[in-house]
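I opened my notebook to work through one structure. I wanted to look at its ligand site, its sheets and the helices beside them.

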Amino acid sequence: MLRYLTAGESHGQCLVAILDGMVAGLRVDKNFIDKELLRRQRGFGRGDRMKIEKDRVDILSGLRKGITIGSPIAMMIKNKDFSIDRLAAIYCPRPGHADLAGAVKYNRSDARDILERSSARETAARVSVGAVCKIFLSEIGMAVNSRIVMIGGVTSQKLMYERITSALKRRDTVGGIFEITATGAPCGLGSFTQSDKRLNARLAGALMSIQAIKGVEVGLGFESAKRFGSEVHDAIFYDKTKGFYRKTNNAGGIEGGVSSGEPILLRCAMKPISTLLNPLASVNIKTKKPSKATVERSDICAVLSAAVVAESVVAFELANAAFEKFGGDSLDETKRNLKGYLKQAKAF
Ligand code: EPS
């Protein structure tokens, strides 16, 4: 089983991730992880924090001469803006953020204690985990990519830029929709035998765990609820060389919680970032008097970054599902098992 944990505050010393269960014998290119971290930092509409940070990974354990040895992989990303003890207290929670619910839950009058961990800065650690998983997936013929579909209600690139620019002028924020495509997944990842084995549930859960994601669709998603069954389901065909195949992929590559062998298609809706330069009404936690929400440095739009984070969590889930199906403590063993299964599936 593959698992990971992250630690670290937005303005703490560093972010840390431990990825446990990765096979031995995988060459991990640190430059690839750094490139993924850079992709997460980019995008029109990111705030000034991204001008301060230059996210780079330090791999602390789990490798020898650049190759995994089966032990936990610990990774660290240093925060240049390490200022947690100097930062001002936050008494006026920002609507939409974890500030108020978190302050009540953890009994903290200063919502800074909440913001520091709930911040999307944490996703840098998840991208480092996802990057290692992507390297593993590439070894077994799988890849995960993303594209932006819509920003603030508009779909052409020119209008998307304009939308972010107008949000900036209004001192507001915008969200959007992005699409994740995973290719190369063989038929048979995940299972219908238990709820927590269903691949669609695991992918949707992972995507919903990303800060600001409010909706996930698989394949045709919500649109399928409007159509007749005959217009939704993907008819099955057979060809001697191709085996079973489909001419459509409305199911988004998953049927009955199991990968079908077609590309896995997922869509996420991201709400606008909740820190507004022109803040909404709030209440001071201490005085209970009406007050504008605290204004913090933040982003205008982070949809492009969220898409990179989404690729990362999908890569992790698919790598985990592949381990479950094929097993193996070394890359050679996993590949051998996969080869045997593919042979069996082809002969089916
Ligand atoms: C982020 C770092 C944060 C924010 C942003 C994401 O840094 P700071 O708070 O110092 O500006 O820019 O966080 C949020 C949008 C949020 O809602 O928490 C990052 O590294 O991605």
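My entries follow, one topic at a time.

**Entry 1: the model**

I noted first that this is a predicted model.

**Entry 2: around the ligand**

How many residues surround the ligand? I found 13. The closest are His11, Arg40, Arg46, Arg49 and Arg297. I then sorted the shell by class. It has six charged residues, four polar ones and three nonpolar ones.

Next I looked up polar side-chain atoms beside oxygen atoms of the ligand. Arg40 places one 2.7 Å from such an oxygen. For Arg49 I wrote down 2.9 Å. For Ser119 the distance is 3.3 Å. Is the ligand mostly buried or exposed? Taken alone, it exposes 470 Å², and the protein buries 93% of that.

**Entry 3: the sheet that starts with β1**

I traced an open sheet of four strands. Their order is β1-β2-β6-β3, and they pair in the antiparallel sense. I reminded myself that strands of a sheet pair through backbone hydrogen bonds.

Which strands stand at the edges? They are β1 and β3, the latter spanning 57–59. Each has a single partner strand, so one side of each is left without a neighbour in the sheet. Ignoring direction, neighbouring strands here are turned by 20 degrees against each other on average.

I then checked the pairs. Strand β1 covers residues 3–7 and β2 covers residues 14–20. Five bridges join these two. I picked out one bridge: Ala7 is partnered by Val16 in β2. The hairpin of β1 and β2 has six residues between the strands. In this hairpin, Gly8 takes a positive phi near 125 degrees.

At the other edge, three bridges join β3 to β6, which is residues 73–78. Here Asp58 has Met76 of β6 as its bridge partner. Helix α1 packs on this sheet and touches β3 and β6. The direction of α1 makes about 150 degrees with that of β3.

**Entry 4: α1 against α8**

I stayed with α1, which runs over residues 30–41. It also packs with α8, residues 303–326. Their angle is about 145 degrees, and their axes lie 7 Å apart.

Which residues make the contact? From α1 they are Glu36, Arg39, Arg40 and Gln41. From α8 they are Ser305, Val308, Val309 and Glu311. By class, I counted four charged, two polar and two nonpolar residues. I had met Arg40 before, among the closest residues to the ligand.

**Entry 5: the sheet that starts with β7**

I moved to another open sheet of four strands, in the order β7-β8-β14-β9. The pairing is antiparallel. Why is one side of β7 and of β9 left without a neighbour in the sheet? Strands β7 (143–151) and β9 (213–218) stand at the edges, and each has a single partner strand, so one side stays free of a neighbour. The twist from one strand to the next averages 20 degrees.

I followed β9 to its partner. Strand β14 is residues 264–270, and it pairs with β9 over five bridges. In one of the bridges, Ile213 is matched with Met270 of β14.

Last, I looked up which helix packs on this sheet. It is α7, residues 199–208, and it touches β9 and β14. The direction of α7 makes about 155 degrees with that of β9.

Notes. Residues numbered from 1 in each chain as written. Predicted model: local features only at pLDDT ≥ 70, side-chain atom pairs only at ≥ 80, totals over all residues. Heavy atoms only, no water. Near = heavy atom within 4 Å. Polar contact = N/O pair within 3.5 Å; in protein donor to acceptor, adjacent residues only side chain to side chain. Areas by Shrake-Rupley, 256 points an atom, 1.4 Å probe, with all protein chains shown as cover. Nonpolar A, V, L, I, M, F, W, Y, C, P; charged D, E, K, R; others polar. Pairing = 2+ DSSP bridges. Axes fitted to C-alpha atoms, helices over the stretch in contact; angles between N-to-C directions. Contact = heavy atoms within 4.5 Å.
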